[in-house]
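Subject: Structure for you to look at

Hello,

Here is the structure you will be working with. Please open it beside this email and follow along.

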Amino acid sequence: MEEICFLVQGSAEEPYKVTFRKKANNLSAYCTSSWGANMKISIKAKSSSGDPYTVDFLIEKNKLSVFCDCQAGKFGQLCKHKTELIAGDQSRLFDESEVSKLKELETIIPQAPELKNIAAQIAESEKIIRREQSKVKKVKKEFATKLKEGIEIEKS
Ligand SMILES: [Zn+2]
């Protein structure tokens, strides 16, 4: 078995270790941080309350798991912070300087195109829903006011 290791600079303080391993006729490559088996990228996401949420991307070999400390995320549910960051939506960044982390994530996420497409579809649909919900809310409010104040009736 032959093994070649490279240390690659990323946005984290510590370099990543990329290992190429040749065993019989198989060549495998994997990337880990040099300080442990896992690689973690933490990105602060904007929230509606003002305080940011932290979205953690954990990468171990070919597996990516994503965690968010928002209310939904704590229960392992999908939230807009996860989907929008996976989709590469920079407007979700709490700190604009973390755009490099987002770019890095794009290069690291295994099978990024598929993941990114699904996340982008969800994020886009949710944006439409939120926009339409606020429209409905506004119309309902106006309608309630009209009902309260009285609506003119055309006399025949
Ligand atoms: Zn979240």
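The chain has four helices and six strands. Starting at the N terminus, the elements come in the order β-β-β-β-β-β-α-α-α-α. Please keep in mind that this is a predicted model. Of the 156 residues in the chain, 17% are buried. Among the contacts with a separation of 6 or more, 34% are between residues 24 or more positions apart.

The sheet

β4, β5 and β6 form an open sheet of three strands, in that order, with antiparallel pairing. β4 and β6 are the edge strands, since each of them pairs on one side only. On average, neighbouring strands of this sheet are turned by 15° against each other, if direction is ignored.

β4 and β5 run antiparallel and are joined by seven bridges. Two places to check are S42, whose bridge partner in β5 is D56, and K40, whose bridge partner in β5 is L58. Which residues of β4 are on its covered face, and which are on its uncovered one? The covered face holds M39, I41, I43 and A45, while K40, S42 and K44 are on the uncovered face.

The core

The largest nonpolar core has 18 residues, and V55 and F57 are the ones with the most contacts inside it. Four elements give two or more residues to this core: β4 (39-45), β5 (53-60), β6 (63-68) and α2 (80-86). In soluble globular proteins, nonpolar side chains tend to be buried together.

What does F57 touch, apart from its neighbours within four places in sequence? F57 is in contact with K40, I41, L64, V66 and L105.

Helix α3

Helix α3 covers residues 99-108 and lies across β4 and β5, at about 135° to β4. Two residues in this helix are worth a look.

One of them is E106, which is found in helix α3. Is E106 buried or exposed? It counts as exposed, because E106 has 12 C-beta neighbours inside 10 Å, and a residue is exposed if that number is 12 or fewer. Setting aside neighbours within four places in sequence, E106 is in contact with G88 and A112. E106 and A87 are 19 residues apart in sequence, and their C-alpha atoms are 8.9 Å apart in space.

K103 is also found in helix α3. K103 has 13 C-beta neighbours inside 10 Å and therefore counts as partly exposed. K103 and Q90 are 13 residues apart along the chain, with 9.8 Å between their C-alpha atoms.

Helix α4

Helix α4 takes in residues 112-149, which makes 38 residues. How far should these 38 residues span? At 1.5 Å a residue the expected span is 56 Å, because the rise is counted over one less than the number of residues. The end C-alpha atoms of α4 are 55 Å apart, which agrees.

α4 is hardly covered: one of its 38 residues is buried. After α4 comes G150, which has a positive phi near 100°.

Where to start

I suggest finding F57 in the model, then its contacts K40 and I41. From there, go to helix α3, which lies across β4 and β5, and finish at α4.

Regards

Note on methods: Residues numbered from 1 in each chain as written. Predicted model: local features only at pLDDT ≥ 70, side-chain atom pairs only at ≥ 80, totals over all residues. Core = buried A, V, L, I, M, F, W, Y, C linked by C-beta atoms within 7 Å. Buried ≥ 20, exposed ≤ 12 C-beta atoms within 10 Å, placed from the backbone. Contact = placed C-beta atoms within 7 Å. Pairing = 2+ DSSP bridges. Axes fitted to C-alpha atoms, helices over the stretch in contact; angles between N-to-C directions.
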